[in-house]
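Colleague: Could you take me closely through one part of this model, strand by strand, and then set it beside its surroundings? I would like a connected account rather than a list.

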Amino acid sequence: MLNPLKSYYMSQMVKQKLNTFVLLLVLSCSSNLVSQTKVDGLLSINEFYGKVVSAFDGTYFWVKHNGKYDIYDKSGQQIQSGIPVKNQIDVRNYQNTFAVRNGILISYDSSKFGERFISLKEKKQLGGDHIYSTIIPYDNGTYFAIKELDKQFGKMSEHLYLDENLNVIYKIKESHIKAIQEKSRSILTSEDQKRRLFGSANEGFIKHYDPTTKTFGFINTKGETVITHAYKAVGDFSEGLAFFRNEENLYGFINNNGDTVIPAKYSKQPYSFFNDRARVVSKDGYWGFINGKDQLVIDATYKFATNFYKNHALVRTDQFSSILLIDTDGNVIHAFDKNLKIDFQEQANIHQTLGLNAEYFTHINPVLKQLVDFGKGIFTFKNKSGLVDSKGNVVLDFNYKSLKDYNNGLMLAIITTENNKEKHGLINEQGTFVVTVGQSKF
């Protein structure tokens with residue numbers, strides 16, 4: 001019996017011309033009869049890879065229009081318009097710095113060279129008329145932000161940890177920031193250094209840098225030292241554990257009492273714990289998983305692997321093998337056709353130690369999240385995108401130049417039409433454009 005992808009591929013070879021005709025007919029009907037709304041603009045694209053950069057969070061998505069960005073909801077209603085945004089991609093290359101999360105937009109003010117929080121529902125700026133030179137959203141829902149104050153009166157910037165509702169979790173003391181600047185003036189100038197230095201507030205612990213000894217420890221949300229500064233690097237706490245790096249540049253894990261529960265024996269930096277599983281990489285460049293007792297519960301045999309999410313992970317032995325959906329014991333739930341591909345975070349043999357960059361080590365692969373939360377995920381096949389369910393069945397054919405952010409039946413899409421033009425928009429899993437995004441002629 002042929003697997004679903006091979007069956008699909010054979011039928012495509014036989015019926016290619018017919019399918020092309022039918023597809024164009026459907027697109028035409030969708031455009032003229034079914035599509036609820038047409039909005040002006042284009043989805044933002046990474047020109048090098050031809051992939052969609054615009055994001056859809058299940059409610060809102062954004063398009064590029066006249067050099068700025070507009071926000072729409074999934075019905076095509078415009079929520080915000082004319083938003084200037086920093087033209088840069090974040091350090092992980094996963095998403096544009098333009099971010100919408102929980103109905104809150106991080107918007108860039110080009111006139112003041114700073115960022116703002118805007119509520120899309122209330123259509124107003126949150127937290128008063130403040131400008132932030134830095135806003136870093138973390139996967140746990142919190143933010144690290146640097147609020148710019150009135151320097152004319154000698155007020156320094158405030159370095160803040162914020163919860164998902166933008167309430168202040170902790171404000172770093174001015175004296176501490178001054179001490180860091182005095183010891184190393186350049187350490188706070190780069191965005192990457194800020195990400196590595198401060199991390200996120202998680203499980204009541206905040207990693208804390210001592211500029212005098214150049215070591216890390218942890219404080220609580222009251223600013224009290226709870227774990228001594230004794231480490232060259234630390235990760236954020238997750239499931240009661242955080243990795244550390246010692247003077248010999250070896251890695252282990254401590255608990256929230258500061259006790260070493262996994263000794264420093266790993267030569268390459270491990271990842272955070274999810275579902276009592278932490279991703280580790282062997283010296284010869286293969287991913288495996290340990291539990292909180294330092295037992296190698298899934299052998300290091302994978303060149304590609306994700307963090308666990310809701311007791312599932314995606315792994316791949318090499319670039320030519322099948323992508324496997326596994327459980328926390330390493331049992332294979334499903335082996336996808338070996339011709340299917342996804343973007344893994346990185347492969348083990350080119351793993352780079354990013355030191356203190358917290359959100360890098362807590363990243364949840366978007367395809368894994370789609371498969372677990374909605375039972376379907378976006379894969380690529382011969383450089384085309386399609387939608388596949390967790391059993392490997394093709395739900396939406398591989399006719400798309402790019403698909404992104406499948407969320408509860410909808411996703412962003414770009415398809416090339418018969419006259420070699422691109423059609424952009426928000427589609428459902430039948431391939432119908434529910435919102436069409438098109439650029440005006442002039």
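Modeller: Two strands count as paired if DSSP finds at least two bridges between them. The model is predicted, and the part I have chosen is strand S13, which spans residues 158–162.

S13 and strand S14 (residues 168–171) run antiparallel and are joined by three bridges, and one of the partnerships across them sets tyrosine 161 against tyrosine 170 in S14. The hairpin that these two strands make has five residues between the strands, and there leucine 166 takes a positive phi near 70°. S13 also pairs with strand S12 (residues 143–148), again in the antiparallel sense, this time over five bridges, and within S12 and S13 alanine 145 stands opposite leucine 160. With these partners in view, the exposure of the strand can be stated as well: S13 is mostly covered, four of its five residues being buried.

Helix H3, covering residues 174–183, has His176, Ile177 and Ile180 buried. These three cover an arc of only 100° around the axis, which puts them on the same side of H3. An α-helix has 3.6 residues a turn, so residues three or four places apart point the same way. Ser175 and Glu182, by contrast, lie on the other side of H3 and are exposed.

As a further local site, glutamate 239 sits in the loop between strand S19 (233–234) and strand S20 (241–245). Glutamate 239 is partly exposed, since its relative accessible area is 41%, and buried would require a value under 20% whereas exposed would require one over 50%. Leaving aside residues up to four places away in sequence, glutamate 239 touches Glu203, Phe273, Phe274, Asn275 and Asp276. For asparagine 275 there is also a polar approach, in which its backbone nitrogen lies 2.6 Å from a polar atom of the side chain of glutamate 239. Asparagine 202 is 37 residues from glutamate 239 along the chain, and the C-alpha atoms of the two are separated by 9.7 Å.

Confidence should be kept in mind when reading any of this. The mean pLDDT of the protein is 83, with 80% of its residues at 70 or more, and the extremes are strand S29 (residues 324–326), highest at 98, and helix H2 (residues 16–34), lowest at a mean of 46. Over residues 88–96 pLDDT stays under 50, and the model has 25 contacts for them beyond four places in sequence; over residues 347–356 pLDDT likewise stays under 50, with 36 such contacts.

Conventions
Residues are numbered from 1 along each chain as its sequence is written. Side-chain values use heavy atoms; hydrogens and water are left out. Buried means under 20% relative accessible area, exposed over 50%, partly exposed in between (1.4 Å probe, protein chains only). The arc is that of the directions from the helix axis to the C-beta atoms. Contact means heavy atoms within 4.5 Å. A polar contact is a pair of N or O atoms within 3.5 Å; within protein, one must be able to donate a hydrogen and the other to accept it, and residues adjacent in sequence count only if both atoms are side-chain atoms. pLDDT is the predictor's confidence in each residue, from 0 to 100.
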